[in-house]
Amino acid sequence: MGSDFSAMGRSARALIAVPDVPLDSIRSRSHAARARSRMGTFGACAALALAAVGAGTGVGAKIYNEVHVWLSGGQSAVLIHSGVLMRHPMGSELRDAIAGATFPVVFPVGVPAGTRVDMVTLAPIGHPSSITISYQNAAGFKTSFALLDPAVVSADAAQLPTGSVGIAVGPFEHWRVGGEIVLTRNTGVSLADLNRIKAAMSTASPGDSLALTETMLPTITVLGGTVRLGIAEHNRPANGRSVLVDENFIRTIPALVKRGAPLLDSRIGTITNITYKNGDISTGVGRPPKDIAVSAGGVRAIYAVLRSSGVARGRYFCGCEMLFNQPNRSTYWVWQIPMSASSAVTKYSVDAKTFAVTRLTEGATRR
């Protein structure tokens with residue numbers, strides 16, 4: 001795993017001054033790595049995302065010594081030792097993650113309608129003093145904000161490190177909201193959007209901003225870089241846990257069936273003991289995922305739907321995402337959601353004992 005950290009650290013170096021997380025790059029690298037090792041994927045993603053958290057953090061009181069941030073002119077640098085990576089968190093997960101924050105967290109408000117939260121990173125583990133939240137929508141709004149405890153931010157140019165952590169030069173905007181410092185890249189958001197967000201944050205309370213942020217979070221478990229979340233949320237049952245599985249995770253289904261293994265929930269993970277070398281992240285210790293997203297039986301049900309719809313003949317490139325739910329002990333429900341907006345969503349019922357597949361309904365897709 002060390003080689004993964006080294007490679008991603010080199011890519012992350014130019015991002016350290018900017019909290020704008022490159023989601024497309026993360027997804028493509030994550031998808032390639034997942035085919036080799038799910039653990040390697042997590043380590044690489046965590047290293048990159050946590051480097052981006054440093055979008056300008058500095059030195060503060062001793063109790064915050066796991067996050068060091070420096071801001072000076074166009075330069076910034078960050079040093080962290082541990083952190084949490086959250087892909088597509090749900091409301092309860094975000095609330096739990098920020099419960100121990102060292103500052104009153106005011107999330108960005110006033111973002112354009114239809115915007116979703118893609119990723120949240122926090123450092124250090126347990127009592128975050130640096131939180132980065134990333135947004136995007138179908139209209140092209142795509143940016144991130146670093147929310148920082150002022151106690152960990154230093155503007156003393158003389159303290160900027162030169163070897164142990166990455167340093168980058170680039171334009172950024174920062175301002176203070178109550179008990180936090182907000183940082184974002186100048187080029188990551190339009191001036192009109194930025195001014196609206198700054199004005200809205202100036203009057204927002206931590207509780208109100210969290211409530212608004214929760215409306216931008218998924219209401220189902222999302223595995224992968226999904227693009228059909230709105231459709232899945234429209235079709236999901238009111239009860240039970242629903243899981244949306246993207247194309248790349250779908251391709252792992254045959255191997256999981258062969259091993260009789262479940263599909264693990266790899267959305268949230270931690271990384272500790274981060275070390276640096278030559279200005280890059282060098283090593284770190286990631287915790288492999290243990291929580292189950294879809295049981296081994298549920299994995300077999302998805303596999304049965306794939307085979308019944310003829311996808312098995314195409315090496316499991318189904319051009320779709322799958323929504324999974326188990327309404328009772330004897331039945332699994334699987335929705336096949338095409339990537340094409342003009343194609344219909346198809347719902348299947350799968351017998352939990354025989355894994356016989358019954359096609360139930362077909363309807364137009366809705367976002």
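This briefing describes a helix contact, a set of aromatic and lysine–ring arrangements, and one loop residue. The model is predicted. Helix H4 and helix H6 have axes that come within 10 Å, while a search of the whole structure finds 4 aromatic pairs, and Lys 290 occupies a loop between two strands.

**Helix contact**

- The axes of helix H4, which spans residues 91-98, and helix H6, which spans residues 206-214, come within 10 Å and cross at roughly 145°, and the crossing of H4 and H6 is right-handed.
- On the H4 side the contact is made by Gly 91, Leu 94, Arg 95 and Ile 98, which meet Leu 210, Thr 213 and Glu 214 in H6.
- Divided by character, the residues of the contact of H4 with H6 are 3 nonpolar, 2 polar and 2 charged.

**Aromatic pairs**

- The search of the whole structure returns 4 aromatic pairs, and one of them joins Phe 324 and Tyr 332 in a tilted arrangement, at 5.7 Å centre to centre and with 35° between the planes.
- Phe 324 has a relative accessible area of 5% and therefore counts as buried, the limit being under 20%; Tyr 332, with a relative accessible area of 7%, is likewise buried.
- Trp 333 and Trp 335 form an edge-to-face pair, with 6.0 Å centre to centre and 80° between the planes.
- Trp 333 counts as partly exposed because its relative accessibility is 23%, which falls between the limits of 20% and 50%, whereas Trp 335 is buried, with a relative accessible area of 4%.
- Ring pairs also link Phe 324, Tyr 332 and Phe 355 into a cluster, so that the tilted pair of Phe 324 and Tyr 332 belongs to this cluster of rings.

**Lysines over tryptophan rings**

- Lys 347 lies over the face of Trp 333, at 3.7 Å from the ring centre, and Trp 333 is also the partner of Trp 335 in the edge-to-face pair.
- Lys 198 lies over the face of Trp 175, at 5.2 Å from the ring centre.

**A loop lysine**

- Lys 290 is placed in the loop between strand E15, which covers 280-286, and strand E16, which covers 292-294.
- With a relative accessible area of 62%, Lys 290 is classed as exposed, because the limit for that class is over 50%.
- Lys 290 and Gly 269 are 21 residues apart along the chain, and their C-alpha atoms are separated by 9.8 Å.

Methods. Residues are numbered from 1 along each chain as its sequence is written. This is a predicted model: local features need pLDDT of at least 70, side-chain atom pairs count only at pLDDT 80 or more; totals for chains, interfaces and linings use all residues. Side-chain values use heavy atoms; hydrogens and water are left out. Axes are lines fitted to C-alpha atoms, for helices over the stretch in contact, and angles run from 0 to 180 degrees between N-to-C directions. Helices (H or I, at least four residues) and strands (E, at least two) are DSSP runs, numbered from the N terminus. A crossing is left-handed if the near helix is turned anticlockwise from the far one by less than a right angle, and right-handed if clockwise. Contact means heavy atoms within 4.5 Å. Ala, Val, Leu, Ile, Met, Phe, Trp, Tyr, Cys and Pro count as nonpolar, Asp, Glu, Lys and Arg as charged, and the others, Gly among them, as polar. Rings of Phe, Tyr and Trp (its six-membered ring) pair if their centres lie within 6.5 Å; planes under 30 degrees apart count as stacked, over 60 as edge-to-face and the rest as tilted. Buried means under 20% relative accessible area, exposed over 50%, partly exposed in between (1.4 Å probe, protein chains only). A charge sits over a ring if NZ of Lys or CZ of Arg is within 6 Å of the ring centre and within 35 degrees of the ring normal.
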